[in-house]
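Here's a quick briefing to read with the structure open in your viewer. Take the topics in any order you like.

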Amino acid sequence: MKKAYVDLPAGQVHYVTAGQGPALMLFHQAPLCADEWAGAIPLLSEHFSVYAPDMPGHGNSFNPDREYEMEDFTATTLQLMDALGLESAIVCGNHSGGALATSIALTAPERVRKAIVSCEMLLSAEHISAFLAALEDKPMSRELPMDEDGEFLFEAWGRYKALAPTAVAQTRFLPFVIGQAARLRPYDAHFAVLRWMSKSAWLSAVQCPTLVVGAEHDMLFKQELMDAAAQYTVQGSAVIIRDAGALSPFEQPEAWARAIIEFALD
């Protein structure tokens, strides 16, 4: 894998790239970075030219001068595609990254050959609105108040354990560390994504072939929605990843790679 930067109008975007073949863009969830896909990239690079960027405000990419909305993340990613010379690509994302992939497919459909998104994109706008409202009483781990005894770290670790309940501690550790480092950034994409998702069931408007990937222990996984995924998408299909939660690309990178390869090259 090669690490690189691209200069865009708002700042530098960091990305990881590997392989040759059809262009495949991998989008991480907030507040993480391209490292979310590090386990899958070596497998995917045997079939694709893989590009995994850090979203603005994440990883090693620039800090926006204000809180970005989904439209901003989308526009920046399309600028990145321009800078990389990518007329079109297969787009894939987990959680926040799945929302970004969906937004790109809606904003610039001519630039997306296929889309691969995680299961929360099947949730209704009403469900997301309720989830967003609940965060008023239970802040995200990056917003837990710091204390001298480090109790906030213990609580944050418990949050990450809930995200990946069947994973071993070593698997959870990297996303946990990245998530805590995100405290040093003014914003991440969480609230922008949730605000956008609360406006509409966007996935049903995507016109390209779409694969929905659901990790069975993801807190937003719903079997009945996965069973009906084809009804929510055009030329849609679904794959369930077993023994994994919201951190599934860290937990089961081989399963993610296999699902992407089988769908994208079909």
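**His 95 and its surroundings**

His 95 is buried, with a relative accessible area of 13%. Keep in mind that this is a predicted model. The rest of the briefing goes through the contacts of His 95, one helix, the largest pocket and some aromatic pairs.

- You'll find His 95 in the loop that runs between strand E5 (89–93) and helix H3 (96–107).
- Leaving aside residues up to four places away in sequence, His 95 touches Gln 29, Ser 118, Glu 120, Asp 218, Leu 220 and Ala 246.
- Why does His 95 count as buried? The cut-off for buried is under 20% relative accessible area, and His 95 comes in at 13%.

**Helix H2**

- Helix H2 covers residues 70–84, which is 15 residues. From first C-alpha to last, H2 reaches 21 Å, close to the 21 Å expected at 1.5 Å a residue.
- Which residues of H2 are buried? They are Met 70, Asp 72, Phe 73, Thr 74, Thr 76, Thr 77, Leu 78, Leu 80, Met 81 and Leu 84.
- Right after H2 comes Gly 85, with a positive phi near 75 degrees.
- Phe 73, one of the buried residues in H2, also belongs to an aromatic cluster with Phe 62 and Tyr 68.

**The largest pocket**

- The largest pocket holds about 700 Å³ of space.
- It's lined by 30 residues, and Phe 131, Met 140, Leu 163, His 190 and Met 219 are the closest to its centre.
- Three helices each give two or more residues to the lining of the largest pocket: H4 (125–134), H5 (151–163) and H7 (190–197).
- By residue type, the lining splits into 19 nonpolar, six polar and five charged.

**Aromatic pairs**

- The structure holds seven aromatic pairs.
- Tyr 160 and Phe 176 make an edge-to-face pair, 5.7 Å centre to centre with 90 degrees between the planes. This pair links distant parts of the chain, since Tyr 160 sits in helix H5 and Phe 176 in helix H6 (residues 169–181), 16 residues apart.
- Both partners are tucked away: Tyr 160 counts as buried at 4% relative accessibility, and Phe 176 counts as buried at 10%.
- Trp 196 and Trp 202 form a stacked pair, with 4.9 Å centre to centre and 5 degrees between the planes.
- Are these two tryptophans buried or partly exposed? Trp 196 is buried, with a relative accessible area of 6%, whereas Trp 202 is partly exposed at 24%.

Key: Residues are numbered from 1 along each chain as its sequence is written. This is a predicted model: local features need pLDDT of at least 70, side-chain atom pairs count only at pLDDT 80 or more; totals for chains, interfaces and linings use all residues. Side-chain values use heavy atoms; hydrogens and water are left out. Helices (H or I, at least four residues) and strands (E, at least two) are DSSP runs, numbered from the N terminus. Buried means under 20% relative accessible area, exposed over 50%, partly exposed in between (1.4 Å probe, protein chains only). Contact means heavy atoms within 4.5 Å. The expected span of a helix is 1.5 Å times one less than its number of residues. On a 1 Å grid over the protein atoms alone, a cavity is a set of points where a 1.4 Å probe fits but cannot get out, and a pocket is an open set with protein on both sides within 12 Å along at least five of seven lines; lining residues have an atom within 4 Å of a point. Grid points are joined across faces, edges and corners, and a volume is the space filled by probe spheres set on the points. Ala, Val, Leu, Ile, Met, Phe, Trp, Tyr, Cys and Pro count as nonpolar, Asp, Glu, Lys and Arg as charged, and the others, Gly among them, as polar. Rings of Phe, Tyr and Trp (its six-membered ring) pair if their centres lie within 6.5 Å; planes under 30 degrees apart count as stacked, over 60 as edge-to-face and the rest as tilted.
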